Amino acid sequence: MRLRVKMFVRMLPAMNDTKHPLRLWRNANGLTQTQLGNALGVGVSHICMIENGKRGTSVETAVKIKRLTGDAVPIESLLPTAREGAPA
């Protein structure tokens, strides 16, 4: 299945601490977590945990997200933090 994503040209709504940039982008583009997960080759639970700030993702998946979203989702918001076990 090839996913068509409209070009993200409008600005994201004002960022707040409760909404992850990936969730804002996904909602703005009318995608479900299932559709996004399928496009990236990851499970819905993985997307859910990223969007809820419960975990980061691998560099490989972060690059896929970056390619899909352009500059709309900062790569720093996708990678694990030091407390999640990322190398310091």
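How exposed is Lys-66, and what is its relative accessible area? In this predicted model, Lys-66 is partly exposed, with a relative accessible area of 25%. That value lies between the limits of 20% and 50% that separate buried from exposed residues, which is why Lys-66 belongs to neither of those two groups.

## The chain as a whole

The secondary structure of this predicted model consists of 4 helices and 0 strands, and a reader who follows the sequence meets them in the pattern α-α-α-α. The chain has 88 residues, of which 34% are buried.

Some contacts join residues that are far apart along the chain. If one takes the contacts with a separation of 6 or more, 44% of them are between residues 24 or more positions apart.

## The nonpolar core

The largest nonpolar core contains 13 residues, and those with the most contacts inside it are Leu-22, Trp-25, Leu-36, Leu-40, Ile-65, Val-73 and Leu-78. Two or more residues of this core come from each of the helices α1 (21-28), α2 (33-40), α3 (44-51) and α4 (59-69). When neighbours within four places in sequence are set aside, Leu-22 is in contact with Leu-36, Ile-50, Glu-51, Ile-65 and Val-73.

Val-73, another of the core residues with the most contacts, lies in the segment after α4. Its relative accessible area is 0%, so Val-73 is buried. Leaving out neighbours within four places in sequence, Val-73 is in contact with Pro-21, Leu-22, Trp-25, Ile-65, Lys-66 and Leu-78. The C-alpha atoms of Val-73 and His-20 are 8.8 Å apart in space, although 53 residues separate the two in sequence.

## How α2 meets α3

The helices α2 and α3 pack at an angle of about 110°, and their axes are 8 Å apart. Because angles of 65 to 115 degrees count as roughly perpendicular, α2 is described as roughly perpendicular to α3. On the side of α2 the contact is made by Gln-33, Thr-34, Leu-36, Gly-37 and Leu-40, while α3 contributes Val-44, Ile-47, Cys-48 and Glu-51. Sorted by character, the residues of this contact are 5 nonpolar, 3 polar and 1 charged.

## Salt bridges

A search of the whole structure finds 4 salt bridges, and a set of linked ones involves Arg-23, Arg-26 and Glu-51, which form a network. In the bridge between Arg-23 and Glu-51, the closest N and O atoms are 3.3 Å apart. Arg-23 lies in helix α1 and Glu-51 in helix α3, so this pair ties together parts that are 28 residues apart in sequence. Glu-51 also forms a salt bridge with Arg-26, where the closest N and O atoms are 2.7 Å apart. This pair, too, links distant parts of the chain, with Glu-51 in helix α3 and Arg-26 in helix α1, 25 residues apart. Arg-23 and Glu-51 are both buried, and Arg-26 is buried as well.

The side chains of Lys-66 and Asp-71 meet in another salt bridge, at 3.6 Å from N to O. Here Lys-66 is partly exposed, at 25%, whereas Asp-71 is exposed, with a relative accessible area of 73%.

## Two further residues: Ala-62 and Arg-55

Is Ala-62, a residue of helix α4, buried or exposed? Its relative accessibility is 0%, and Ala-62 therefore counts as buried. Not counting residues up to four places away in sequence, Ala-62 touches Thr-57, Ile-75, Leu-78 and Leu-79. Leu-78 is also one of the residues with the most contacts inside the largest nonpolar core. The C-alpha atoms of Ala-62 and Pro-74, which are 12 residues apart along the chain, are separated by 9.6 Å.

Arg-55 is found in the loop between α3 and α4. With a relative accessibility of 36%, Arg-55 counts as partly exposed. A distance of 10.0 Å separates the C-alpha atoms of Arg-55 and Ser-77, two residues that are 22 residues apart along the chain.

Conventions. Residues are numbered from 1 along each chain as its sequence is written. This is a predicted model: local features need pLDDT of at least 70, side-chain atom pairs count only at pLDDT 80 or more; totals for chains, interfaces and linings use all residues. Side-chain values use heavy atoms; hydrogens and water are left out. A nonpolar core is a set of buried Ala, Val, Leu, Ile, Met, Phe, Trp, Tyr and Cys residues joined through side-chain atoms within 4.5 Å. Buried means under 20% relative accessible area, exposed over 50%, partly exposed in between (1.4 Å probe, protein chains only). Contact means heavy atoms within 4.5 Å. Axes are lines fitted to C-alpha atoms, for helices over the stretch in contact, and angles run from 0 to 180 degrees between N-to-C directions. Angles under 35 degrees count as roughly parallel, over 145 as roughly antiparallel, 65 to 115 as roughly perpendicular and the rest as oblique. Ala, Val, Leu, Ile, Met, Phe, Trp, Tyr, Cys and Pro count as nonpolar, Asp, Glu, Lys and Arg as charged, and the others, Gly among them, as polar.
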